[in-house]
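Please go through the labels given to some loop residues and strands in this structure, and set each label against the definition behind it.

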Amino acid sequence: KVGVWKRAWAHRVWHASGALSNAQRGRLFEYILLYKDGVMFQIEQATKQCSKITLTEPWDPLDIPLNSTFEDQYSIGGPQEQITVQEWSDRKSARSYETWIGIYTVKDCYPVQETFTKNYSVILSMRFFDIQLGIKDPSVFTPPSTCQTAQAERMSGDCSW
């Protein structure tokens with residue numbers, strides 16, 4: 001049985017540090033992805049400098065797609081504190097590798113981790129924690145005022161996906 005974790009909102013907020021050399025310089029970016037508007041804001045945390053970039057990828061509902069391949073079921077955690085999870089992928093029998101792997105809790109199908117690969121390299125790995133139903137503070141989807149005059153190019157040194 002394939003479970004689906006549904007969300008009623010079409011926005012995301014990501015926090016990401018840059019590549020190692022940029023992280024050493026203390027560069028940290030926030031990303032606000034507004035899928036309904038087809039735009040992503042990249043905000044440099046220290047200066048609040050902002051880039052406004054057109055979203056080219058469709059909304060990913062963070063669910064287990066119907067055509068997924070079941071890979072494994074196991075428990076994570078330790079004694080007295082275990083959660084059973086299932087691992088799914090987009091691997092097909094004719095392919096020797098997958099481009100997506102998702103790990104979800106068996107109970108309620110909450111996401112634990114998603115990993116995307118391309119040409120055998122990880123391009124994006126996301127871990128989910130402190131999940132809460134609903135949106136406590138919708139203002140997290142409001143770009144700062146510096147984004148009103150945002151440049152149209154991605155800032156260098158970010159964690160591109």
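Q: What makes the place of Lys-48 a loop between two strands?
A: Strands are DSSP runs of E with at least two residues, numbered from the N terminus, and Lys-48 lies between strand S3 (39-44) and strand S4 (50-54). This is a predicted model, in which local features need pLDDT of at least 70, side-chain atom pairs count only at pLDDT 80 or more, and totals for chains, interfaces and linings use all residues. Residues are numbered from 1 along each chain as its sequence is written, and side-chain values use heavy atoms, with hydrogens and water left out.

Q: Why is Lys-48 called partly exposed?
A: Buried means under 20% relative accessible area, exposed means over 50%, and partly exposed lies in between (1.4 Å probe, protein chains only); Lys-48 has 34% relative accessibility and therefore counts as partly exposed.

Q: Why is Gln-80 called exposed?
A: Its relative accessibility is 80%, so Gln-80 counts as exposed. Gln-80 is placed in the loop between strand S5 (69-78) and strand S6 (81-89).

Q: What makes the phi of Lys-48 and of Gln-80 worth a remark?
A: Most residues other than glycine have a negative phi. Lys-48, which is not a glycine, has a positive phi of about 65 degrees, and Gln-80 takes a positive phi near 70 degrees in the hairpin of S5 and S6, with two residues between the strands.

Q: How do you know that S5 and S6 pair?
A: Two strands pair if DSSP finds at least two bridges between them, and nine bridges join the antiparallel S5 and S6; Phe-70, for instance, has Trp-88 in S6 as its bridge partner.

Conventions. Helix = DSSP H or I, 4+ residues; strand = E, 2+ residues; numbered from the N terminus.
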